[in-house]
Amino acid sequence: MKRQTVSIVIPTYNERGNIEKLVPEIFQSCSSLNAAVGVVIVDDNSPDGTGKAAEELCKGYNLKVIHRSGKLGLASAVIKGFSESGSEIVGVMDADLSHPPSVLPKLIKPILDNEADLVIGSRYAKGGGVEVWPWHRRLISRIATALAYPFTRAKDPMSGLFFLRKRAIDGVELNAKGYKIGLEVLVKGKYARMLEVPYTFRNRFVGKSKLTPEEYIHYLRNIITLAAYRIRRIMRKKQRRE
Ligand SMILES: Nc1nc2c(ncn2[C@@H]2O[C@H](COP(=O)(O)OP(=O)(O)OP(=O)(O)O)[C@@H](O)[C@H]2O)c(=O)[nH]1
Ligand SMILES: [Mg+2]
């Protein structure tokens, strides 16, 4: 039987010191899977030369690099990576090793085995967690997560680590601005079975965070846009029934 294909999209901005450690760990971890796994790095012309380092890694690994002209945001980088991938299963993870590569098989296998259509790496499911976060970051994450609860039954809808059958987003217009694309996929995606797999979020290995206060504004805007989307859908359903 033909092996299924999986693309792991990694958005990068100034992550040179991380991807050189991350990419070998991904392939090591995924070697247990009966699937053709590839990595798609979407780099926004990182000044630290991440794009060039990624090109070097292409020599040893099944890796594709998409270069964009400048820093255009995480969500749009993920959308770009998904749209350029021809794989049946797509997913996303951060470049900074906060998402441990060792958890990847647990996220991908349920989709390969046709037990789930969408699998989220979850900090807030039983058994998951966050290694070291200052209290204010915990609080902001909890508030942002609570704001998303009316839209989904996922415990960690803000997760930046998730995999899905690509057909779940075929024809779906994704246009989240800024950081959080996962919530939009959860709300608009065409899937039946969602699964959350616990994992522990670690602090970034090296480099600086790109999470700025501006991203919180983007997030609130995204929530409003999703609420409007939901209301439009409910109205349309109601009209069809009348
Ligand atoms: N291509 C691209 N990638 C981005 C952009 N902003 C962030 N990223 C990447 O998105 C991932 C998540 O960003 P981080 O800065 O780690 O955000 P975070 O995990 O919420 O914050 P920390 O825990 O402090 O690291 C990383 O791989 C970044 O390099 C962007 O504008 N373009
Ligand atoms: Mg990070």
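**Notebook: ligand 1, pockets and a cavity**

I began with ligand 1 and counted 20 residues around it; Pro11, Glu15, Asp44, Asp96 and Lys210 are the closest. I note here that the model is predicted.

**Entry 1: shell and contacts**

I sorted the shell by class. It holds nine nonpolar, three polar and eight charged residues.

Next I looked up backbone contacts of ligand 1. Which ligand atom pairs with the backbone of threonine 12? It is a nitrogen atom, 3.2 Å from a polar backbone atom of threonine 12. For tyrosine 13, I found a polar backbone atom 3.0 Å from an oxygen atom of the ligand. Glycine 73 also takes part: one of its backbone N or O atoms is 3.0 Å from a ligand oxygen.

I then checked cover. On its own, ligand 1 has 630 Å² of accessible area, and the protein covers 95% of that. Two elements give two or more residues to the shell: β1, spanning 4–12, and α3, spanning 74–84.

**Entry 2: the largest pocket**

Where does ligand 1 sit? I placed it in the largest pocket. That pocket holds about 910 Å³ of space. I listed 44 lining residues, and those closest to the pocket centre are Leu74, Arg137, Tyr179, Lys180 and Leu211. Elements that supply two or more residues to this lining are β1, α3, α5 (135–148) and α7 (213–241). So far, β1 and α3 have come up for the ligand shell and again for the pocket lining.

Which element gives the largest share of this lining? I found α5, with six residues. By class I logged 23 nonpolar, ten polar and eleven charged residues in the lining.

**Entry 3: the second largest pocket**

I moved on to the second largest pocket, with a volume of about 210 Å³. Its lining has 14 residues. Nearest the centre I noted Leu186, Val187, Gly189, Arg230 and Arg233. Here the elements with two or more lining residues are α6, which runs 182–188, and α7. I credited α7 with the most, at four residues. The class split is six nonpolar, two polar and six charged.

I had already met α7 in the lining of the largest pocket, so I cross-referenced the two entries under the element rule, which takes helices as DSSP runs.

**Entry 4: the cavity**

How many cavities of 30 Å³ or more are there? I counted one. I read its volume as about 40 Å³.

I wrote out the lining of this cavity in groups. Leu118 and Ile120 are in it. So are Asp156, Pro157, Ser159 and Phe162. Gly182, Val185 and Leu186 complete the list. The elements giving two or more residues are β5 (118–122) and α6. Of the elements, α6 gives the most, with three residues. I classed six of the lining residues as nonpolar, two as polar and one as charged.

Leu186 caught my eye. It lines the cavity, and it is among the residues nearest the centre of the second largest pocket. Its helix, α6 (182–188), gives two or more residues to that pocket's lining and likewise to the cavity's.

**Entry 5: recap**

I close with the placements. Ligand 1 is in the largest pocket, where α5 gives the largest share of the lining. For the second largest pocket I have α7 as the main contributor. For the cavity I have α6.

Key: Residues are numbered from 1 along each chain as its sequence is written. Chains are lettered from A and ligands numbered from 1 in the order in which they are written. This is a predicted model: local features need pLDDT of at least 70, side-chain atom pairs count only at pLDDT 80 or more; totals for chains, interfaces and linings use all residues. Side-chain values use heavy atoms; hydrogens and water are left out. A residue is near a molecule or strand if one of its heavy atoms lies within 4 Å of it. A polar contact is a pair of N or O atoms within 3.5 Å; within protein, one must be able to donate a hydrogen and the other to accept it, and residues adjacent in sequence count only if both atoms are side-chain atoms. Accessible areas come from the Shrake-Rupley method with a 1.4 Å probe; for residues, only the protein chains shown count as cover. On a 1 Å grid over the protein atoms alone, a cavity is a set of points where a 1.4 Å probe fits but cannot get out, and a pocket is an open set with protein on both sides within 12 Å along at least five of seven lines; lining residues have an atom within 4 Å of a point. A molecule sits in a cavity or pocket if more than half of its atoms lie within 2 Å of its grid points. Ala, Val, Leu, Ile, Met, Phe, Trp, Tyr, Cys and Pro count as nonpolar, Asp, Glu, Lys and Arg as charged, and the others, Gly among them, as polar. Grid points are joined across faces, edges and corners, and a volume is the space filled by probe spheres set on the points.
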